[in-house]
Amino acid sequence: MANPLARIKGINGQIVALDADIEQVADELAMLRHIDDDAKRDAAVSGNYDDRVAAKMTHADVVRIEKQIVNMERTRARLVAKRDRLVRILVAQ
């Protein structure tokens, strides 16, 4: 088993990578929200069946990405808690 300091460094690397992924997915979510707004507007104005289907699909994409971000943030919180626990162990030594 690696010493606590090495494990902390590894977890910090995972947190940094996860932060970058969260930022990228958040940017994608912002674009999807714009697309979703346009699709909803098109469906409301035209009343066309195809536009309504497209609006439902884009909304489903937004919901999916929002869930993905929540899961990534949950994973990040677990990593931070684990890192903090290891820091307390390291300080106690």
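What covers the buried residues of H2? The cover includes helix H1, residues 4-46. The legends below describe close-up views of a predicted model.

**View 1. Helices H1 and H2 pack against each other at an angle of about 165 degrees.** The axes of the two helices are 8 Å apart. Because angles over 145 degrees count as roughly antiparallel, H1 and H2 are roughly antiparallel to each other. Their crossing is left-handed. The cover is described from both sides: H2 is part of what covers the buried residues of H1, and H1 is part of what covers the buried residues of H2.

**View 2. Helix H1 has 43 residues, and its end C-alpha atoms are 61 Å apart.** At 1.5 Å a residue, a span of 63 Å would be expected for H1, which agrees. The buried residues of H1 are Pro4, Ile8, Ile11, Ile15, Leu18, Ile22, Val25, Leu29, Leu32, Asp36, Ala39 and Ala43. Glycine 47 follows H1 and has a positive phi, near 70 degrees.

**View 3. Helix H2 runs from residue 49 to residue 92.** From the first C-alpha to the last, the 44 residues of H2 reach 65 Å, close to the expected 64 Å at 1.5 Å a residue. The N-terminal end of H2 is capped by asparagine 48. In this cap, a side-chain oxygen of asparagine 48 lies 2.7 Å from the backbone nitrogen of aspartate 50. The buried residues of H2 are Ala55, Thr58, Val62, Ile65, Ile69, Met72, Leu79, Val80 and Leu86.

**View 4. Aspartate 36 is a buried residue of helix H1.** Is aspartate 36 buried or exposed by its relative accessibility of 4%? Aspartate 36 counts as buried because 4% is under the 20% cut-off. Leaving aside neighbours within four places in sequence, aspartate 36 is in contact with Ala55, Thr58, His59 and Val62. Among these contacts, Ala55, Thr58 and Val62 are listed with the buried residues of H2.

**View 5. Threonine 58 in helix H2 touches Ile35, Asp36 and Ala39.** These contacts do not count residues up to four places away in sequence. Threonine 58 has a relative accessibility of 13% and therefore counts as buried. Two of the residues that threonine 58 touches, Asp36 and Ala39, appear among the buried residues of H1.

**View 6. Leucine 29 is found in helix H1 and is buried, with a relative accessible area of 6%.** Which residues does leucine 29 touch, not counting residues up to four places away in sequence? They are Val62, Ile65, Glu66 and Ile69. Leucine 29 and alanine 55 are 26 residues apart along the chain, and their C-alpha atoms are separated by 15 Å.

**View 7. Isoleucine 65 lies in helix H2 and is in contact with Val25, Leu29 and Leu32.** Neighbours within four places in sequence are left aside in these contacts. Val25, Leu29 and Leu32 are listed with the buried residues of H1. Isoleucine 65 is itself buried, with a relative accessible area of 4%. Isoleucine 65 and alanine 54 are 11 residues apart in sequence, and the distance between them is 17 Å, C-alpha to C-alpha.

Methods. Residues numbered from 1 in each chain as written. Predicted model: local features only at pLDDT ≥ 70, side-chain atom pairs only at ≥ 80, totals over all residues. Heavy atoms only, no water. Helix = DSSP H or I, 4+ residues; strand = E, 2+ residues; numbered from the N terminus. Expected span 1.5 Å × (residues − 1). Buried < 20%, exposed > 50% of the residue type's maximum accessible area, 1.4 Å probe, protein only. Contact = heavy atoms within 4.5 Å. Polar contact = N/O pair within 3.5 Å; in protein donor to acceptor, adjacent residues only side chain to side chain. Axes fitted to C-alpha atoms, helices over the stretch in contact; angles between N-to-C directions. Parallel < 35°, antiparallel > 145°, perpendicular 65-115°, else oblique. Left-handed = near helix turned anticlockwise from the far one by under 90°.
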